[in-house]
Amino acid sequence: MSEVIYLLKTQLEENKLHFTQKPILIGGMAMEYYGIRKSGADIDLVICDADYQRLSQLHPDNRKDIYGDLGVVIEPFEIWRSIALLDYDFYKAGAIETEKLNMLSWDRLLLTRVFAMGVEKYMNDLELMKEHCYTNFRNKNFLTESEQHIPSYKKYNGIVFGGKYEDDMREIKLCT
């Protein structure tokens, strides 16, 4: 079990938090789960509306509203019924299911950062996600091949037609 999942499971048990549907882990801890960066101190969750309604009644003084996204803060948790007014069902799509929670999918994590890219922290997260993909998933052979032609790419704004490269004047034979 991942450290992030274990920590979250432990925190849910310690805070005696129970839900009718498994909460979805989002935010910094999701970033940590995917190995992008360490999380901050809080734990962000998205829950279904019925669970939100129950929690908001139990903790009326802990309610939080950010531009219509309603949540309840129960340290160390920030528990939301929506992010960018997109609800539980949106964030559950493609989620990784574990015993006590759902882990936000990579693509939904990326979207949460895109939705808030006007905020420097989330723009930085987008850069980290891009670098994570480049480091872990780029085809190394394609990268080596493209690096041979950097002078041509620079000269022609990144586009070379017909396999005619300025840097070596050889035509590349394409496989058919």
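Which strands does helix 3 lie across? Keep in mind that this is a predicted model, and find residues 49-58, which make up helix 3. This helix lies across strand 3, strand 4 (69-74) and strand 5, and it runs at about 50° to strand 4.

Now for the sheet itself. It's an open one, built from 7 strands in the order 3-4-5-2-1-9-8, with mixed pairing. At the edges sit strand 3 and strand 8 (96-97), each of which pairs on one side only. Strand 8 has strand 9 (residues 102-103) as its partner, and the two pair in the antiparallel sense over 2 bridges. Look there for Ile96, which stands opposite Met103 in strand 9.

Next, go to helix 1, residues 3-14. Helix 1 lies across strand 1 (24-26), strand 2 (43-46), strand 5 and strand 9. Its direction is at about 80° to strand 2.

Finally, there's some empty space to explore. The largest pocket has a volume of about 630 Å³. It is lined by 22 residues, and the closest to its centre are Ile66, Ile83, Arg113, Ala116 and Tyr122. Two or more lining residues come from each of helix 2 (27-33), strand 3 (63-66), strand 5 (77-80), helix 5 (106-115) and helix 6 (120-137). Helix 5 gives the largest share, 3 residues. As for chemical character, the lining splits into 10 nonpolar, 4 polar and 8 charged residues. Strand 3 is worth a second look: this edge strand of the sheet also gives residues to the pocket lining and has helix 3 lying across it.

Technical notes
Residues numbered from 1 in each chain as written. Predicted model: local features only at pLDDT ≥ 70, side-chain atom pairs only at ≥ 80, totals over all residues. Heavy atoms only, no water. 1 Å grid on protein atoms, 1.4 Å probe; cavity = no way out; pocket = protein on both sides within 12 Å on 5 of 7 lines; lining within 4 Å. Points joined across faces, edges and corners; volume = space filled by probe spheres on them. Helix = DSSP H or I, 4+ residues; strand = E, 2+ residues; numbered from the N terminus. Nonpolar A, V, L, I, M, F, W, Y, C, P; charged D, E, K, R; others polar. Pairing = 2+ DSSP bridges. Contact = heavy atoms within 4.5 Å. Axes fitted to C-alpha atoms, helices over the stretch in contact; angles between N-to-C directions.
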